[in-house]
Amino acid sequence: MGEAQAGSCTVALVGAPNTGKTTLFNALTGSRAKVGNYPGVTVERREGRVRNSEREIRLLDLPGTYSLNPETPDEEVVEDVLSGRMAGEPVPDAVLVVVDATTLERGLALVLQTLAAHPDLPIAVVVTMIDELRARGGRVDFDRLATRLGVSVFPIVGHRGVGLEEVRRALESAETLPRNINGDAVEAADHPIARFAQVDEIWGDIQRASLRPDERTDRIDRVLLHPFFGAVTFAAVMIFVFQSIFTWAAPAMDAIDGSFAQLAGFVGDALPPGVLRDLLTDGVIAGVGSVVIFLPQIVILFTLIHFLEDVGYMARAAFVVDRIMGWFGLQGRSFIVLLSCYACAVPGIMAARTIPNPRDRLATILVAPFMTCSARLPVYTLLIAAFVPSTAVGFGLGLQGLVMLGLYLLGAVTAIGSAALLKATVIRGRPSTFYMELPPYRFPSLRMLASQVWRSAKAFLKRAGTIVFIASLIVWGMLNFPKADVPPGTPPAVETQLHLEASLGAQIGKAIEPAIAPLGFDWKVGVGLVASLAAREIIVATLAQIYAVGDEEDFDGLRNALEADVDPTTGERVFSLPVALSLLVFFVFALQCTSTIAVMVRETGGWGWPAFAFGYMLTLAWVGALITYRVSSVLL
Amino acid sequence: MNQATTKSLPLTALAVGETGVLEDDTAKAVSDRLCELGFVAGTHVKIVRRGLLGDPVEVELRGYRICLRQDDLSGLRVAPPERNSS
């Protein structure tokens with residue numbers, strides 16, 4: 001191997017999912033990654049600098065891939081980067097192919113494919129998890145492997161740092177990593193059949209003792225994947241996830257609620273009365289506060305989802321439900337995506353990248369917004385608290401809780417039903433191969449878990465700080481301007497009402513009133529619906545401003561105002577139970593979320609599918625709300 | 001080869017715990033991706049477990065395990081299982 005060379009270099013990591021590629025990346029770079037996206041595709045690009053090196057060595061953590069013959073957008077990126085077809089990404093100076101020692105025979109296929117497809121790239125092989133190989137009695141002659149492949153082979157234990165120094169030293173002269181250790185470069189087979197024949201031959205030459213099955217994983221799987229006990233465990237885990245979102249989050253949500261109310265009070269006291277004070281307290285603080293309050297639920301849900309994923313249970317859950325999802329044209333992986341959407345459809349839709357079949361991926365993305373995301377919660381909570389009587393129905397459940405559960409089920413059932421419908425109509429086609437690995441159970445690294453949860457929470461807060469912040473400002477402006485000409489001597493309450501009715505928001509609400517009147521909605525709800533196109537939760541802040549309840553975090557105040565609102569001509573209550581139910585159903589179906597639409601545009605590569613989704617969901621919302629209103633008006 | 005074809009049976013007909021050897025014309029019967037995953041003629045494939053109502057199927061081949069659906073495996077035929085293998 002040559003001396004350390006001058007200047008900087010880029011080394012790409014290639015490997016199948018679950019091979020310890022990211023652990024190696026973190027160990028070499030000290031977990032300091034620059035995270036971005038590849039241009040044109042939403043595949044995450046992770047780059048970091050190798051620590052303690054004599055020169056600048058940039059490490060590029062390519063997405064996990066089973067083969068260089070790509071099937072998913074993630075896999076395509078790998079081959080594009082290696083062959084220099086990725087815009088703005090120069091061909092790497094060297095490649096480390098990462099393979100798992102416990103599945104080395106299969107890993108050899110990817111190594112041989114890389115050697116065959118890129119004869120000019122300096123390449124080395126890193127074999128991870130050799131501690132597990134040894135613990136299970138396996139022995140492999142790695143020197144012999146290096147001789148057979150003609151490239152350097154580094155056996156390591158990533159999380160304990162064993163063997164990392166050798167890898168780091170080799171990277172100092174990455175450009176001269178040898179391809180011909182014993183003279184001639186090895187001729188690697190390109191076609192899969194010839195390649196596997198070569199794998200068989202090399203594997204027979206280097207394997208010294210075969211490894212025993214992973215007994216711990218086998219024992220756990222006998223229960224968790226049992227046809228009966230597996231289903232029971234699955235149901236228990238799901239109930240636990242839901243229960244914890246609602247019960248554990250409550251104290252933290254109350255605390256956030258209180259601190260935003262305090263902040264509004266503090267700003268209100270500090271500033272003189274006037275437009276600026278109203279803007280800050282009613283517009284900005286109340287608007288952003290109504291979103292940030294859901295941070296605890298997001299954090300809990302993502303902690304549980306990432307934990308289940310890292311520990312290895314998510315793949316088992318997908319195994320258990322795969323057959324049932326298959327009836328609806330979906331697959332086990334779609335289930336994981338839809339589960340993530342209970343927090344927020346944005347990360348959920350991004351997780352759909354792991355679905356290799358493009359039609360399954362599209363169907364999953366198009367139905368994901370039906371899953372009850374946390375932005376619907378404030379709307380549900382407000383309307384249910386205001387209009388559904390809090391009577392008990394037995395089994396420790398109240399009627400209010402039952403309605404809430406019903407809304408969640410309605411969303412999930414609609415999602416799965418629509419998927420079946422879409423797969424049978426607009427995205428027909430022969431299904432492509434479904435395959436999934438069940439990784440061995442491992443205790444997750446708490447540091448990695450924390451950083452994943454932090455990334456999700458940060459994305460959520462950014463949304464609150466941008467979209468919701470701006471929308472709150474616009475809504476506030478629309479509801480406060482233009483002002484009406486109010487004759488002097490008018491009582492303050494009437495004056496507020498006149499100003500509101502003259503505002504731009506009221507004009508918009510009245511303009512769309514004919515379209516929403518059949519659903520039982522008046523112009524005030526109309527303003528809320530228009531505003532909530534930006535983000536669902538904004539309707540709460542909007543109604544609060546319309547009903548002049550200074551702090552809409554004070555649900556009781558807004559609830560009382562809604563209950564007390566009567567039609568000036570008929571004297572009937574504007575918000576009856578049928579209206580509330582109709583509005584709830586509208587929110588179950590409608591795609592009112594700019595972030596979701598934006599991420600759909602990115603993931604489906606255009607505006608066509610998002611526009612289609614927006615259209616059919618709005619239609620479904622309108623029809624669903626109409627039926628709900630008519631039926632419940634007759635029945636209740 | 002003719003003898004193998006007459007005696008062969010579908011991979012999905014194997015019981016849990018049984019191993020079969022993929023027969024010679026495997027390449028014609030499988031998708032490119034199955035081929036990339038190592039389903040080529042002569043490979044030993046063991047049925048590890050089946051899910052609720054038979055799907056998915058976890059199989060073991062080439063020292064690793066992977067879950068697939070019966071539909072995707074339906075074209076694969078194997079020589080009779082090694083019932084008394086270790």
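I take a salt bridge to be a side-chain nitrogen of Lys or Arg within 4 Å of a carboxyl oxygen of Asp or Glu. The model is predicted, and I looked up how chain A meets chain B.

**Salt bridges.** I find 6 salt bridges between chain A and chain B. I checked the pair A:Glu105 and B:Arg62, whose closest N and O atoms lie 3.6 Å apart. That pair counts as a salt bridge because 3.6 Å is within the 4 Å limit.

**Polar contacts.** I also note 12 residue pairs in polar contact between the two chains, with both residues at pLDDT 80 or more.

**Elements on the chain A side.** I list those that give two or more residues to the side touching chain B: helices H3 (104-117), H7 (192-206), H8 (215-224) and H12 (313-327), and strand S12 (435-436). Of these, H7(A) gives the most, with 6 residues. I sorted the residues of this side by type and got 15 nonpolar, 10 polar and 12 charged.

**Extent.** I count 37 residues from chain A and 26 residues from chain B in the contact. The buried area between the chains comes to about 2900 Å², and carbon and sulfur atoms give 57% of it. In chain A, I see the most area lost to chain B by A:Phe196, A:Phe319 and A:Arg323, which together make up 22% of what that side buries.

**Strand pairing.** I traced S12(A) to strand S5 of chain B (residues 64-68); 2 bridges join them, and the strands run antiparallel. For A:Tyr435, I find B:Leu68 as the bridge partner in S5(B).

Terms used
Residues are numbered from 1 along each chain as its sequence is written. Chains are lettered from A and ligands numbered from 1 in the order in which they are written. This is a predicted model: local features need pLDDT of at least 70, side-chain atom pairs count only at pLDDT 80 or more; totals for chains, interfaces and linings use all residues. Side-chain values use heavy atoms; hydrogens and water are left out. Contact means heavy atoms within 4.5 Å. Buried area is the accessible area (1.4 Å probe) that two parts lose on being put together, summed over both. A polar contact is a pair of N or O atoms within 3.5 Å; within protein, one must be able to donate a hydrogen and the other to accept it, and residues adjacent in sequence count only if both atoms are side-chain atoms. Helices (H or I, at least four residues) and strands (E, at least two) are DSSP runs, numbered from the N terminus. Ala, Val, Leu, Ile, Met, Phe, Trp, Tyr, Cys and Pro count as nonpolar, Asp, Glu, Lys and Arg as charged, and the others, Gly among them, as polar. Two strands pair if DSSP finds at least two bridges between them.
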